[in-house]
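Reader: Please take one part of this structure and look at it closely, beginning with a single side chain and its partners. After that, I would like to know what else can be said about the surface, the hollows and the backbone around the rest of the chain.

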Amino acid sequence: MSDNAIATAAAQISATRASAVVPVVTTFFDEATFTATHVVHDPATLRAAVIDPVLDFDQASGRTSHASADRVIAHVEAHGLTVDWLLETHAHADHLSAAPYLKQRLGGQIVIGAAIRTVQNVFGKVFNEGPAFARDGSQFDLLMDDGHAFRVGEIEAVALHVPGHTPACLAYVIGDAVFVGDTLFMPDYGTARADFPGGDARTLYRSIRRLMALPDETRVFLCHDYKATGRDQFVWETTIGAERTANVHVHEGVSEDEFVAMREARDATLGMPKLILPSIQVNMRAGHLPEPDSNGVRYLRLPVDLL
């Protein structure tokens, strides 16, 4: 990870706040998976990105539906937006991605971090995928490394590699806003778990410290909220300053060793996300379902006594 990428992002945020054009962010919250999907657009050009879209999935019946994605489509069409980017912060373990459906309906490139190859190698073995399953990230339209620069309309953007929750986690800085995926939650809730295959609490701490080097006024948009104890409403927006000073797990003054001890002890008490097995199988394929069997039916695998 390069400090130059953080410096570039910080300069970009300061420049955006000094200008008249800041990205407009509209969020769609799926309470079934506690997932926030963000639509961010440039008000000058109406070019847009969709971040972490949700495909509705009923595990009991094995049925998918598009109600959540259709709300995003309705918003995009109602506001005359053009979608250039379908940005995944990581290969999610709690919901299936609707990126291919949105690409079919709205266009845009499906993007994830270049380290998705590591995730594909790990979970290709977990699900005993054969040679037909590519482990080179080619299911996605574009793989971004740390510091990858792009634009949403005329608004500058940069990808930051923030591993720890998974090896492939990216945060996207777009104008004065950063979309952090599962790396951080609201200050009263803390941080992401780091016990999935390829996760690491020490790496997560260092990634979070990189994010906290961004200007305090940076708007932070989260991928999830679970309502911290004593809070009645779901919330998915905060600031770097609030995270740096008040995050219950990793505020200023919490050392790396203290964080690692807390995170590893906490993770040992957590159960597996209920949709992790179907989610990973789909999301490591860029949101595509596995190819149909000879009977024309698509199947998801369930490894027994493995994880």
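Author: Arg-206 has a relative accessible area of 45%, and it therefore counts as partly exposed, a value that falls between the limits of 20% for buried and 50% for exposed. The model in which this arginine is seen is a predicted one, and the values that follow are to be read in that light.

The side chain of Arg-206 meets that of Glu-256 in a salt bridge, with 2.8 Å from N to O. This pair links distant parts of the chain, since Arg-206 belongs to helix H5 and Glu-256 to helix H7, 50 residues apart. The two partners fall into separate classes of accessibility: whereas Arg-206 is partly exposed, Glu-256 has a relative accessible area of 18% and is therefore buried, the limit for that class being under 20%.

Beside this pair there is another bridge, in which Arg-202 pairs with Asp-257 and the closest N and O atoms are 2.9 Å apart. Arg-202 lies in helix H5 (residues 201-211) and Asp-257 in helix H7 (residues 256-267), so this pair ties together parts of the chain that are 55 residues apart in sequence. Arg-202 counts as partly exposed because its relative accessibility is 30%, while Asp-257, at 52%, counts as exposed. Taken together, Arg-202, Arg-206, Glu-256 and Asp-257 are linked in a network of salt bridges, and its members range from the buried Glu-256 to the exposed Asp-257.

The structure holds 17 salt bridges, and one of the others may be set beside this network. Arg-151 forms a salt bridge with Glu-156, where the closest N and O atoms are 3.5 Å apart. Here both partners are partly exposed, Arg-151 at 45% relative accessibility and Glu-156 at 42%.

As for the hollows, the largest pocket has a volume of about 440 Å³. Its lining consists of 23 residues, and those that lie nearest its centre are Asp-94, Phe-185, Arg-193, Tyr-226 and Pro-273. By class, this lining divides into 11 nonpolar, six polar and six charged residues. The second largest pocket, of about 320 Å³, has a lining of 16 residues, with Glu-129, Arg-285, Leu-289, Pro-290 and Glu-291 nearest its centre; seven of the lining residues are nonpolar, four are polar and five are charged.

Besides the pockets, a search of the whole structure finds two cavities of 30 Å³ or more. The largest cavity, with a volume of about 80 Å³, is lined by residues that include Ala-91, Val-119, Phe-123, Phe-196 and Ile-280, and its lining has eight nonpolar residues, one polar residue and no charged ones. The second largest cavity has a volume of about 50 Å³, and among the residues that line it are Phe-28, Asp-30, Thr-37, Ser-68 and Arg-71. Strand S1 (24-30), strand S2 (35-41) and helix H2 (67-78) each give two or more residues to that lining, and H2 contributes the largest share, four residues. In contrast to the lining of the largest cavity, which has no charged residue, that of the second largest has two charged residues, alongside five nonpolar and three polar ones.

Two places in the backbone also call for attention, and the background to them is that most residues other than glycine have a negative phi. Leu-46, although not a glycine, has a positive phi of about 65 degrees; it lies in the loop between S2 and strand S3 (47-51) and, at 32% relative accessibility, counts as partly exposed. Asp-305 likewise has a positive phi, near 55 degrees, and is found in the segment after H8, where its 79% relative accessibility makes it exposed.

The segment after helix H8 (276-283) is also the place of Leu-307, a residue that counts as exposed because its relative accessibility is 54%. Together with Met-272 and Leu-306, Leu-307 makes a nonpolar surface patch of about 310 Å². Cys-169 offers the opposite case, for it is buried, with a relative accessible area of 1%, in the loop between strand S11 (155-161) and strand S12 (170-174).

How values were computed: Residues are numbered from 1 along each chain as its sequence is written. This is a predicted model: local features need pLDDT of at least 70, side-chain atom pairs count only at pLDDT 80 or more; totals for chains, interfaces and linings use all residues. Side-chain values use heavy atoms; hydrogens and water are left out. On a 1 Å grid over the protein atoms alone, a cavity is a set of points where a 1.4 Å probe fits but cannot get out, and a pocket is an open set with protein on both sides within 12 Å along at least five of seven lines; lining residues have an atom within 4 Å of a point. Grid points are joined across faces, edges and corners, and a volume is the space filled by probe spheres set on the points. Ala, Val, Leu, Ile, Met, Phe, Trp, Tyr, Cys and Pro count as nonpolar, Asp, Glu, Lys and Arg as charged, and the others, Gly among them, as polar. Patches are made of residues with over 30% relative accessible area and no salt bridge: like charges are joined within 9 Å, nonpolar side chains (Val, Leu, Ile, Met, Phe, Trp, Tyr) within 5 Å. Accessible areas come from the Shrake-Rupley method with a 1.4 Å probe; for residues, only the protein chains shown count as cover. A salt bridge is a side-chain nitrogen of Lys or Arg within 4 Å of a carboxyl oxygen of Asp or Glu. Buried means under 20% relative accessible area, exposed over 50%, partly exposed in between (1.4 Å probe, protein chains only).
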